[in-house]
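Me: Please take a close look at one part of this protein for me, the charged side chains and what they pair with. Then set that part in its surroundings.

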Amino acid sequence: MPTRPPSRVLFYGVTGSGKSSAAHAYAKASGLPEYSADDDIGWFPGWQQRAVEEQRRLAADIASREEWVLDSAYATWRDMVLPRAELIVALDYPRWVSLSRLLRRSLYRAVNGQLVCNGNTESFRRLLARDSIIWWHFQSFTRKRQVIQAMKADPALPPVIVFKRPRDLSRWLSHVHSASAA
C-alpha cells in the first residue's frame, strides 16, 4: 500500500532557485493547498511589506492547518512554520543556476508586466535598485545556504531533502506525482 505524500511541506532555497515553481508542482501533484510567502504573507501592492506582526499571524494561521505547501519562509516567521512541517524541500543550487534563473525570470516579468508579490510589478529601474531582487540574491545567498545546512543538521526538525540540481528535483516531483496518482 503506497504511503501518502507529506501534507505540510515547506520549500526553501536561495533566491531564484525556483521554490515557487517547485512548490506549485508539488501542490498540483499532491492535491494540497498552496500558499505563497510573498503573495499570502509578505507583501501588499505598491511594494509595501506587511508588518512583521501581521506576517507572523498569517504564517501561524497557515501553519496551523492540516494541509499546506508553502513556497518559502522568511526569517522573521520561519519559527512559526518549521514545527508544523512534515517535510522541508531545500533547493541548494549553485549560484550560476539560481542567478541565471532569477535574471531570466526578472527580465521576462519586467518586459511583460507580470504581476508578482501580491499585485506588484518588476521594472528595469527596480531591477537596478539597491533593494532589488537581484541585490537580494547576492546579499542572501550564503546565509540561505547556511540555513539549509542548519535545518538538515537539526534533529528536532522534520526530514530535509536537499536538491543540488534541478533535474534531481524534477525526478523527485515526478515520483510524487506517480505516488499521488496511485
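Reply: Start with the aromatic side, since some charges end up there. Phe-11, Tyr-26, Phe-163 and Trp-172 make up one aromatic cluster. Keep in mind that this is a predicted model.

Now the charged pairs. The structure has 11 salt bridges. Three of them are worth walking through.

Take Arg-8 and Glu-66. They form a salt bridge, with the closest N and O atoms 3.4 Å apart. Arg-8 belongs to strand β1, residues 8–13, while Glu-66 sits in the loop between α3 (52–63) and β5 (68–70), so the bridge ties together parts that are 58 residues apart in sequence. The two ends differ in cover. Arg-8 has a relative accessible area of 11%, so it is buried. Glu-66 reaches 53%, so it counts as exposed.

Next, Asp-92 and Arg-145. Their side chains meet in a salt bridge, at 2.6 Å from N to O. Asp-92 is in the loop between β6 (87–91) and α5, and Arg-145 is in helix α7, residues 133–153, so this pair ties together parts 53 residues apart in sequence. Asp-92 has 2% relative accessibility and therefore counts as buried. Arg-145 is partly exposed, because its relative accessible area is 29%; the partly exposed class runs between 20% and 50%.

The third pair is local. Asp-168 and Arg-171 form a salt bridge, 3.0 Å from N to O. Both are in helix α8, residues 166–181, three residues apart, so about one helical turn separates them. Asp-168 counts as buried, at 18% relative accessibility. Arg-171 is partly exposed, at 45%. Back to the earlier pair: Arg-8 and Glu-66 also belong to a network with Arg-84 and Glu-86, joined by salt bridges that share partners.

Two arginines sit over rings. The charged end of Arg-95 lies over the ring of Phe-141, 4.1 Å from the ring centre. Arg-126 lies over the face of Trp-47, with 4.3 Å to the ring centre.

One more arginine, near the start of the numbering. Arg-4 is in the segment before β1. Its relative accessibility is 53%, so it counts as exposed. Arg-4 and Ser-30 are 26 residues apart in sequence, yet 8.7 Å apart in space from C-alpha to C-alpha.

Now the aromatic pairs. There are five in the structure. In one of them, the rings of Tyr-74 and Trp-77 have centres 5.3 Å apart and planes at 40°, so the pair is tilted. Tyr-74 and Trp-77 are both buried.

The surface has a nonpolar side too. Leu-103, Leu-107, Val-111 and Phe-124 form a nonpolar patch there, with about 360 Å² of accessible area together. Helix α5, residues 95–112, gives the largest share of the patch, three residues. Leu-107 is in helix α5. Leu-107 is partly exposed, with 43% relative accessible area.

Check the backbone at one loop. Cys-117 has a positive phi of about 45°, although it is not a glycine. Cys-117 lies in the loop between β7 (115–116) and β8 (120–121). Cys-117 counts as buried, at 13% relative accessibility. Asn-118 is in the loop between β7 and β8 as well. Asn-118 also has a positive phi, about 65°, and is not a glycine either. Asn-118 is partly exposed, with a relative accessible area of 27%.

Last, the whole fold. The protein has eight helices and nine strands. Its radius of gyration is 16 Å, close to the 16 Å that the globule rule gives for 182 residues, so the protein is as compact as a globular protein of that length. The C-alpha atoms fill a box of roughly 55 × 35 × 30 Å along the principal axes. Of the 182 residues, 44% count as buried.

To return to your request: the Arg-8 and Glu-66 bridge links strand β1 to the loop between α3 and β5. The Asp-92 and Arg-145 bridge links the loop between β6 and α5 to helix α7. The Asp-168 and Arg-171 bridge stays within helix α8.

Technical notes. Residues numbered from 1 in each chain as written. Predicted model: local features only at pLDDT ≥ 70, side-chain atom pairs only at ≥ 80, totals over all residues. Heavy atoms only, no water. Patch = residues over 30% accessible without salt bridge, like charges linked within 9 Å, V, L, I, M, F, W, Y side chains within 5 Å. Areas by Shrake-Rupley, 256 points an atom, 1.4 Å probe, with all protein chains shown as cover. Salt bridge = Lys/Arg side-chain N within 4 Å of Asp/Glu carboxyl O. Helix = DSSP H or I, 4+ residues; strand = E, 2+ residues; numbered from the N terminus. Buried < 20%, exposed > 50% of the residue type's maximum accessible area, 1.4 Å probe, protein only. Phe/Tyr/Trp six-rings, centres within 6.5 Å; stacked < 30°, edge-to-face > 60°. Lys NZ or Arg CZ within 6 Å of the ring centre and 35° of its normal. Rg over C-alpha atoms; globule rule 2.2 N^0.38 Å.
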